Amino acid sequence: MSNCAIVGINWGDEGKGRMVDLLTEKYDVVVRFQGGGNAGHTVINERGKFALHLLPSGIFRNGVVNLLGNGVAIDPENLWNEMEEVMSQGVSLTPENLKISDRASLLLPWHRDMDELEEMRLADKKYGSTKQGIAPFYSDKYQKKTVLAGELFYPEELRQHLYDIMEWKNLTLTKVYGAKPYTKEMLEEWLNTYCEKIKPYICDTGAFLKEQQENGKNILFEAQLGSLRDLDYGIYPYTTSSNTTAAYAPIGSGLPSAKINDVVGVVKAYSTCVGEGPFVCEMFGEEAEELRKNGFEYGAKTGRPRRVGPIDIVATKYGVEVQAATAIALTKLDVLSYMDKIPVCTKYLVDGKETDRFPFPVALKNAQPVVEYFDGWKCDITSARKWEDLPKQAQDYVLFVEKQIGCPIKYVSVGPERESIVIR
Ligand code: GDP
């Protein structure tokens, strides 16, 4: 038995979905343990191209059981829409291959409104939320003002619980934001249209995982976003509202006794960041536009252009530490093939001093990138399948990054397809 977590090392969008899709071959169960539908994993395989938001990336493999753990924000509406879309592309989703934790809290209809209303109130001080209701959801979860998925099996108690929360939430909606209140009829519609659809998939996933563990099955924990978006270790307040780190996987999955043997940290060969907040290595102007275009860096959920920059060694080294990564997957190396010289942000300059330590979030605004350049390879590397197939300049780049971040780069991806990978 061997457990593995696949996590993001940077700001998210590193290509975790494609790594889970690739590595699920060796695993029996794939579990999402945090976050919600606010980010997207793009997976391209023999079945087509899929943008997953809430569903685990193991749903394409026959025999793999996919779980949404108790740490996930279950949005019945978004989840059901996503399930319908994936099923319409020929993927079978049944209570046998998809299980939702009865202890996961439900993202309620007003959470998305609250997200939108608060971003509007903040105006130019907004966080850059994806407006999927994730921050209001997690704050309500910790205030104990949401309901557990398993409560759907107790309709009477559920309704009373929901009405009590609605009464409380309507105070904020109407008195603070001047918005319309929710009604029992609206909740009823939500329950019937979406919650009833996902109900057959809800079960005691903790018991299921324990049984899998006892039977020596291999479990893969799939994270959303990356280290720098972790609520406790990231660039607060420009973080997400959950823990994106591997250490949270046992808690958020429903198997607190799980030991994680391998942590595969996913790093992009350059940097991208969606939304607001400090991004020290950011490139601007034409240089940025060219990288964005070559990497097709537009958000999977929102279509927003991503901010781009060279690989950031300072942030990546910090991300590796936070995740306790045991191996790295360096993705999208092929995107850099057009560059004559490859920029690398090797250090930060903070208050006139060079440092390789990732600063405290507030101090990031005073940091400047120190950029060094490496020779480009200027040729198509998308057909490389072995280390020897990569040009020397590409090998040198990978080896330099590996040395700087102090963690072995085991996988190098050179295209979005499942097989476009070099395994060292
Ligand atoms: P995730 O949220 O970490 O799974 O990342 P995203 O799915 O948001 O972003 C990764 C994007 O890069 C997806 O569109 C992938 O299809 C694509 N991708 C992944 N690996 C590679 C690669 O090696 N080369 C190229 N060109 N694209 C890749």
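This passage looks at how the ligand is held in a predicted model, and then at two backbone details.

Start with where the ligand is found: the second largest pocket of the protein is its seat. The elements giving two or more residues to the shell around the ligand are helix 1, which runs over residues 16–23, and strand 3, which runs over 41–45. Helix 1 supplies the largest share of that shell, at three residues. On the level of domains, at least three shell residues come from domain 1 (3–103 + 202–264), and at least three come from domain 3 (266–423).

As for who is in that shell, 17 residues surround the ligand. The closest are G17, G40, H41, T42 and S413. Sorted by chemistry, the shell holds seven charged residues, seven polar ones and three nonpolar ones.

Some of the polar contacts can be spelled out atom by atom. The side chain of D13 places an N or O atom 3.2 Å from an oxygen atom of the ligand. With R18, the ligand partner is a nitrogen atom, and it lies 3.0 Å from an N or O atom of the arginine side chain. K332 takes part through its backbone: a polar atom there is 3.1 Å from a ligand oxygen. Taken on its own, the ligand would expose 590 Å², and the protein buries 90% of that area.

D13 deserves a second look, this time for its backbone. This residue belongs to the loop that links strand 1 (4–8) to helix 1, and its phi is positive, near 60°, although D13 is not a glycine. Most residues other than glycine have a negative phi. So D13 pairs a positive phi with a side-chain contact to the ligand at 3.2 Å.

The other backbone detail concerns a proline. Going from Y236 to P237, the peptide bond is cis, and omega is near 5°. Most peptide bonds, by contrast, are trans. P237 is located in the loop between strand 8 (219–226) and helix 8 (249–253).

Technical notes. Residues are numbered from 1 along each chain as its sequence is written. This is a predicted model: local features need pLDDT of at least 70, side-chain atom pairs count only at pLDDT 80 or more; totals for chains, interfaces and linings use all residues. Side-chain values use heavy atoms; hydrogens and water are left out. A residue is near a molecule or strand if one of its heavy atoms lies within 4 Å of it. A polar contact is a pair of N or O atoms within 3.5 Å; within protein, one must be able to donate a hydrogen and the other to accept it, and residues adjacent in sequence count only if both atoms are side-chain atoms. Accessible areas come from the Shrake-Rupley method with a 1.4 Å probe; for residues, only the protein chains shown count as cover. On a 1 Å grid over the protein atoms alone, a cavity is a set of points where a 1.4 Å probe fits but cannot get out, and a pocket is an open set with protein on both sides within 12 Å along at least five of seven lines; lining residues have an atom within 4 Å of a point. A molecule sits in a cavity or pocket if more than half of its atoms lie within 2 Å of its grid points. Helices (H or I, at least four residues) and strands (E, at least two) are DSSP runs, numbered from the N terminus. Ala, Val, Leu, Ile, Met, Phe, Trp, Tyr, Cys and Pro count as nonpolar, Asp, Glu, Lys and Arg as charged, and the others, Gly among them, as polar. Domain bounds come from an automatic or database domain assignment.
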